[in-house]
Amino acid sequence: MTGEKETITCPFDFSEALEFDPVLADLMRRDSPARIRLPYGDADAWLITGFDAVKQVTTDHRLSRAGIVGLDYPRMTAEPIVSPESINVMDPPHSSRVRHLASQAFTQPQVDAMRPRIARLADLLLDEMERQGPPADLVRHLSDPLPQHTVLDLLGIERQEWPRIQESVHQLLVVGADNKETAATAKADLTAYFAKLVEQRRDSPGDDLISAMAAARDGEEQLDDRELAVMTLMLALSGQDTATCQISDITYLLLTRPELMDHLRSRPETLTDVLHELLRHIPFRKGVGIPRVALEDMELDGARIRAGDFVHVSYLTANRDPERYPDPHAIDLDRPTSPHMTFGWGGHRCIAMPLAMAELEVAIGRLVERFPGLRLAVAPEDVRWDTKTIRRFPLELPVAW
C-alpha cells in the first residue's frame, strides 16, 4: 500500500556525457515499482520502469493525464512545461480526435514532401561550416539551427521572428525555482503569439504546417483555434528539444565509437536502423516527463496503486529493459529492429516522429557523406555537457575534418 512503501528522493540531475543515470539503473533493478519524490510538486509518485508495464500505463484508461491539470503534480521543472489545453494532458476520446486531425500534417507522404526543404536547410548550414573551416562547433552550426529552422520554416514563421521564438522556448525548458516566473511569461507570450498566427492562417492559408493542420478534417470535425495554437507551441518546443539534442548526441557517439562510424560509412543503407538503435540507447533526457493520475484503485506491475496516486513512467529504463532487448546497455547495430520508446508510446507518442526522423536522417546522412574525415577536435572528456535543463546534450561539439 502507498503508505507502507519507502519513498526515494530522486533529483535526477545526473548529466555525465551519455552515461546512464545510476539512480535510474538502480530503480529498474527493483522487483516492484518504487515510490519517488521529485524536485517539484506536493506529492510522491510511483515509477514504472519495465517496457511492458510502461506500455500498459500509456494505454490504460484508468490512468489519466487530464486528471493532473490544476494539481501541483510531481515533476522536474518549477513551472509545468505543458499548457492545460495541450494534447499531452488530454485523454481519449478527445486526444484521439486532436491527434488524428493534427497527424494528417505528418503522414509519411507529407514528410517526404518536406524532405527537400530539410535537405536544403542542412546543406546551407554545412556549407557555412565548411567555409569557416575546422575546428567548428557542430552544435552551433548544425544541431541547434537545423531542427529549429526546419520547424519554424515549416510553420511558416517569418525569419525575423525566429530568435524571439527560440529564446522563449529555451526559457520553458530550464530547471530551477528561480526560472518559474520567466517560464510562465514565456509560455503566455508564445501562446498569444501562436493564437494570432492561427487567426491569420485561417483567413489566408499558405504552404505551411499551421495551414495544413487548420485544413485537416474528419467529417465535420476540425481543430479549433485554441487547439491549433497549443499544437503549434508544442511543435515549436519539439523543434528545440528532441531532434536538437539527438543530432549532437548521435554525432558524439559516432565520433567516440569509431566502429559505429565505420559501420555507417561502409553500409550507408543501414542509416535508419542505426539511428533507431542509437535513439534506443541514448538517455535523451533527465528523469521523467508528465505523470498520470490513477482514477481508481488498481494493481500495476505488482504494486497496489490507489485512486489519486500519481504514476510516472521512464522511457529511458523501458529502452534498456533486458526482457525486451538482450544485453540492453550495449549498442548492437545488428539488433533485430524492435520499436523503442524514445518518441513515447500509445496515445501520447510524438505525432511529429516522422518529421524528427527525417531531420535526423538528413542531418547525420549529409554530415557523414560530406565530411569523410570528421573527428572530435577535443578529447571526449573535454566536451562540456548541459547541466541546467531536463535534456542531455553537449553544449559544444568541436569537430575537425
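**Exercise 1. Determine whether Phe51 and Trp345 are buried or exposed, and describe the contact between their rings.**

Solution. Both Phe51 and Trp345 are buried, where buried means under 20% relative accessible area, exposed over 50% and partly exposed in between, with a 1.4 Å probe and protein chains only. This is a predicted model, in which local features need pLDDT of at least 70, side-chain atom pairs count only at pLDDT 80 or more, and totals for chains, interfaces and linings use all residues. Residues are numbered from 1 along each chain as its sequence is written, and side-chain values use heavy atoms, with hydrogens and water left out.

A search of the whole structure finds 5 aromatic pairs; rings of Phe, Tyr and Trp (its six-membered ring) pair if their centres lie within 6.5 Å, and planes under 30 degrees apart count as stacked, over 60 as edge-to-face and the rest as tilted. Among them, Phe51 and Trp345 form an edge-to-face pair, at 5.3 Å centre to centre with 80° between the planes.

**Exercise 2. Analyse the aromatic pair of Tyr252 and Trp385.**

Solution. The rings of Tyr252 and Trp385 are edge-to-face, with 4.9 Å centre to centre and 85° between the planes. Tyr252 is buried, with a relative accessible area of 10%, and Trp385 also counts as buried, at 11% relative accessibility.

**Exercise 3. Identify the aromatic cluster that contains Phe51, and the charge over the face of Phe51.**

Solution. Phe51, Tyr325 and Trp345 form one aromatic cluster. Arg324 lies over the face of Phe51, at 3.7 Å from the ring centre; a charge sits over a ring if NZ of Lys or CZ of Arg is within 6 Å of the ring centre and within 35 degrees of the ring normal.
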